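Good morning, and thank you for coming. I would ask you to look at the sequence and the structure together while I speak.

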Amino acid sequence: MRSIWNGAISFGLVSIPIKLVNATESHSVSFRQIHTEDGGRIRYRKVCELEDREVTQAEIGKAYEDADGSMIPITDEDLSQLPIPTARTIEIVAFVPEDRIDPLQMGSAYYLAASGAPAAKPYTLLREALKRSNRVAIAKFALRGRERLGMLRVVGDAIAMHGLLWPDEVRAPEGVAPEAGVTVRDQELDLADALMDTLGEIDLDDLHDEYREAVEEVVAAKASGERPPEAREEAAPGKVLDLMAALESSVRAARESRDGEEAGAAEEAQVRSLPQRKTSSRRTPKETGGKKSTSTAAKKTAAKKTAAKKTAAGRTTEPKKSASSAARKPAAKKSATEKPAAKKAASRKRSA
């Protein structure tokens, strides 16, 4: 970043060489004036009224216009000899709490960069002193031909300076507030609080200049010979004369908008599968497979019970079968012995 001013910070008897750098930049789209009939550039030329001719920059100086219209020339040498100590110095005059500064006074913002290695130590000292005190420094400095007021504060690891308007340059808000007495009901305040809560907070980094982006699209389309994009027609909101109805409609619309954004964010979110944790065999299975494993285990348990019953039944019936078979075997032997005895008795009768 190019420095726009070189000087020093005067901190009591401590002098800190610094460079002044712009902390902001403009991204607005700039236009040129042209002649609509032929597209020629319209330029502003610096012309002397007395001689009616164009003059160069080297021929141009400064002057103060008096009340009667006469010009009083002022040279750079006259300005350099002004009896002010802030010509090349940012002179710190006080340290105050930051909330003492009216935001209406704040103007351009600058970064103060340490100029050279010798400035590193006192620069760091001032930065850390501001941090620890939770205060800001009020300073005077001269820039572009006038003395200005500034506020020094810490931003990250750097010291920033905000140009401040002089207190007499800030207008009083006279005639701005409504003159008629207005009464606000508690119900209206409750709805206003609900609307603020519904809108919630926002990350300022997410905000962007939609107008500039739209202008760039128009320029790009016309440069490529295409038709510029047309603005989409949005339904005009109905006129709501009742403040309560307007607040209720605003709260409802804000909630619907927030719910729609959350739903869109949920759809765009990527679902990533987490790595599976190693589980031991002793742990119970997860619910996704729990039913199958439980039913399988139940079937196995029932099969074991059935087998056990069959085994027990086999053990109790086998002795009975052996006993009956044992009883039948002797009976068979008896019948076998009884048959020869019957034959002998029959032969005896025949012989008799």
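Let me begin with a term: contact means heavy atoms within 4.5 Å. Helices (H or I, at least four residues) and strands (E, at least two) are DSSP runs, numbered from the N terminus. What you see is a predicted model, in which local features need pLDDT of at least 70 and side-chain atom pairs count only at pLDDT 80 or more, while totals for chains, interfaces and linings use all residues. Residues are numbered from 1 along each chain as its sequence is written, and side-chain values use heavy atoms, with hydrogens and water left out.

The protein has 6 helices and 11 strands. Among its contacts between residues at least 6 apart in sequence, 58% join residues at least 24 apart.

I turn to the barrel. Seven strands close it in the order S1-S2-S8-S11-S10-S9-S7, with mixed pairing; two strands pair if DSSP finds at least two bridges between them. From one strand to the next, the twist averages 40°. Within this barrel, strands S7 (residues 89-97) and S9 (residues 135-143) run antiparallel and are joined by 6 bridges. Glu91 stands opposite Lys140 in S9.

Which strands does helix H2 lie across? They are S1, S2, S7, S8, S9, S10 and S11, and H2 runs at about 85° to S2. For such angles, axes are lines fitted to C-alpha atoms, for helices over the stretch in contact, and the angles run from 0 to 180 degrees between N-to-C directions.

Helix H2 covers residues 120-133 and includes Arg127. Is Arg127 buried or exposed? Arg127 counts as buried because its relative accessibility is 13%; buried means under 20% relative accessible area, exposed over 50%, and partly exposed in between (1.4 Å probe, protein chains only). Leaving aside neighbours within four places in sequence, Arg127 is in contact with Val154, Asp157, Ala158 and Ile159. Of the 352 residues of the protein, 15% count as buried.

Finally, confidence. The pLDDT, the predictor's confidence in each residue from 0 to 100, averages 77 over the protein, and 70% of the residues score at least 70. Over residues 271-275 the pLDDT is below 50, and this stretch has 0 contacts in the model beyond near neighbours in sequence. Residues 307-352 also stay under 50, with 0 contacts beyond four places in sequence. Where pLDDT is low, the predicted coordinates should not be read in detail.
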